[in-house]
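Q: Please take a close look at the surroundings of the ligand in this structure, and then at the strands and peptide bonds elsewhere in the chain. A connected explanation for a first-year student would be welcome.

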Amino acid sequence: MPRIVTRARRLEGELRVPSDRSITVRAMLLAALAQGKSRIRRPLEAGDTLAAQGVLKRLGVAHSYDLAADELVVVGRGLHGLRPASASASSPVTISCGSSGATLRLMAGVLAGQSFASVLDGSAQLRARPMRRLTRPLRALGATLEDTSGHAPLYLQPTVLRGGKLTLPQASAQVVSALLLAGLYARDSVEVTVPCPVRDHTSLLLAAMGAEIHMEPHWHRVAPPEGELEPLDLRVPGDFSSAAFFLVAGTLLPGDLTLREVGLNPTRSGLLEALAAMGAPVAVIERDPSGPERVADLVPRRRPLSGVTIAGALSANMMDELPVLAVAATQAAGTTVVRDARELRVKESDRIRAMVRELSAMGAVIEERADGFVIEGPRPLKGATVHAHGDHRVAMALSVAALVADGPTTIRGAEAVGKTYPQFFDHLERVDGEAQDK
Ligand code: S3P
């Protein structure tokens with residue numbers, strides 16, 4: 001469905017962006033493996049987490065949502081209590097993970113070491129995403145599984161995993177998480193080394209559940225648990241990656257915008273560093289931490305921006321925020337260079353190509369590179385008809401561009417926001433200062 005977004009004069013008010021997608025999905029999947037009832041307060045309810053709930057149901061895991069308390073209760077079945085998604089252990093029914101890459105990859109780790117066979121699949125969009133990065137290291141741990149020419153569906157056979165030490169070529173949090181989850185079922189420890197630090201929510205949650213986890217920025221290790229995992233009791237913070245759209249919007253437009261209770265895990269909050277380097281530091285007001293995660297209110301301020309270079313570990317840290325960083329860069333004086341961001345090409349869309357094409361249509365000067373893009377600014381943007389490419393982050397980044405463009409922008413495929421932020425357009429309207437005056 002297309003959505004029309006027009007220029008905003010100022011942004012006012014407070015928002016609590018939806019809860020963190022990565023933490024909610026992990027908490028739900030891990031809770032299923034605990035012994036006893038887990039309480040997940042303020043869970044995200046969006047396309048990806050509904051997909052994860054569907055998978056749990058398939059595996060015999062009961063859960064219920066208490067609307068008044070905004071709390072999801074998951075009845076854990078213990079490490080060895082999942083039920084095969086079929087009538088007989090030898091003929092598995094395909095488990096659909098919708099479009100949730102995290103659900104599919106993390107569940108592949110869990111299901112690789114079970115005593116029953118499983119088939120994991122997903123939407124056409126998920127089928128297009130690379131899986132060999134996952135199936136190869138799982139096989140190195142002893143898993144018996146097949147992919148489909150490097151993609152889903154994945155066919156997993158019952159196996160006792162060995163464990164081992166793995167070094168990954170990509171900094172993928174989903175792959176690291178899958179291998180750590182497989183490690184819960186291995187005879188020996190699983191150690192994973194990555195080229196750059198990745199989001200560490202899985203290790204933090206596993207540690208909170210009593211698992212023996214060790215981690216350094218580039219390295220995670222899990223030992224086979226001696227007993228069961230303890231249930232979780234956590235409150236999920238706001239999703240930094242969802243807040244990012246309003247952080248950039250608040251940096252480009254005047255007003256007074258506060259984003260409440262945003263998770264500030266250092267493996268993911270590099271956008272704050274980038275905005276500070278561009279000349280627009282965001283004020284951070286610490287809140288009580290939510291379990292193991294740092295939480296803060298964030299107040300962006302409009303400032304003149306200058307170009308910046310994003311590379312190496314900062315690119316990896318900011319991977320989900322780079323589409324909206326590109327929008328900020330169109331309004332920054334000088335050149336912005338983003339490199340070492342090849343992973344952007346294998347997200348829900350090829351985000352390098354998508355952002356270059358759509359921002360160019362709006363008048364930006366942006367050049368595609370194999371591993372990123374180069375933007376010259378500042379350039380006035382003009383409203384245009386643009387496409388979300390089936391990608392929630394592209395849809396939201398283009399909406400932020402539309403807020404500073406001359407004339408209305410029509411965003412085709414805007415419903416993609418439902419994957420992580422179904423209320424995005426309502427929130428956009430709520431903080432539009434002029435709409436509030438009417
Ligand atoms: C995620 C990890 C990242 C990120 C994605 C969510 C996760 O993907 O881009 O939005 O929840 O672990 P990769 O693991 O592919 O790097």
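A: A polar contact is a pair of N or O atoms within 3.5 Å. With that cut-off in mind, one may examine the ligand in this model, which is predicted. An N or O atom in the side chain of Arg26 lies 2.6 Å from an oxygen atom of the ligand, and because this distance falls within 3.5 Å, the pair counts as a polar contact. The side chain of Asp320 also takes part, with a polar atom placed 2.7 Å from an oxygen atom of the ligand. For Lys347, an N or O atom of the side chain is found 2.7 Å from a ligand oxygen atom. The extent of burial can be given as well: the ligand taken alone exposes 380 Å², and the protein buries 94% of that.

The wider surroundings come next. The ligand is surrounded by Arg21, Ser22, Arg26, Arg105, Ala171, Ser172, Ala173, Gln174, Arg199, Asp320 and Lys347. By character, this shell divides into 6 charged, 3 polar and 2 nonpolar residues. Two helices, α1 (21–33) and α6 (173–183), each supply at least two residues of the shell. Of the elements that contribute, α1 gives the most, with 3 residues. The space that the ligand takes is the largest cavity.

The strands elsewhere in the chain may now be considered, starting with β25. Strand β25 (residues 409–412) is joined by 3 bridges to strand β1 (residues 3–5), and these two run antiparallel. Within this pairing, Val5 stands opposite Thr409 in β25. Strand β23 (residues 385–387) is likewise joined to β25 by 3 bridges, but here the strands run parallel. In that case, Thr385 stands opposite Thr410 in β25. Strand β25 thus has an antiparallel pairing with β1 and a parallel pairing with β23.

Another group of strands forms an open sheet. The sheet has 4 strands in the order β18-β19-β21-β20, and its pairing is mixed. The strands β18 (309–310) and β20 (365–369) stand at the edges; each has a single partner strand, so one side of each is left without a neighbour in the sheet. The pairing of β20 with β21 is antiparallel and extends over 5 bridges. One residue pair illustrates the arrangement: Ile366 has Ile375 in β21 as its bridge partner.

Strand β21 also leads to a feature of the backbone. The loop between β21 (372–377) and β22 (381–382) contains Pro378. The peptide bond that runs from Gly377 to Pro378 is cis, with omega near -5°. A further cis peptide bond runs from Ala152 to Pro153, with omega near 5°. Whereas Pro378 is found in a loop, the place of Pro153 is in strand β9 (residues 151–157). The loop between β8 (144–148) and β9 holds Ser149. Phi of Ser149 is near 50°, which is a positive value in a residue other than glycine.

To return to the ligand, its oxygen atoms lie 2.6 Å from a side-chain N or O atom of Arg26, 2.7 Å from a polar side-chain atom of Asp320 and 2.7 Å from a side-chain N or O atom of Lys347.

Conventions:
Residues are numbered from 1 along each chain as its sequence is written. This is a predicted model: local features need pLDDT of at least 70, side-chain atom pairs count only at pLDDT 80 or more; totals for chains, interfaces and linings use all residues. Side-chain values use heavy atoms; hydrogens and water are left out. A residue is near a molecule or strand if one of its heavy atoms lies within 4 Å of it. A polar contact is a pair of N or O atoms within 3.5 Å; within protein, one must be able to donate a hydrogen and the other to accept it, and residues adjacent in sequence count only if both atoms are side-chain atoms. Accessible areas come from the Shrake-Rupley method with a 1.4 Å probe; for residues, only the protein chains shown count as cover. On a 1 Å grid over the protein atoms alone, a cavity is a set of points where a 1.4 Å probe fits but cannot get out, and a pocket is an open set with protein on both sides within 12 Å along at least five of seven lines; lining residues have an atom within 4 Å of a point. A molecule sits in a cavity or pocket if more than half of its atoms lie within 2 Å of its grid points. Ala, Val, Leu, Ile, Met, Phe, Trp, Tyr, Cys and Pro count as nonpolar, Asp, Glu, Lys and Arg as charged, and the others, Gly among them, as polar. Two strands pair if DSSP finds at least two bridges between them.
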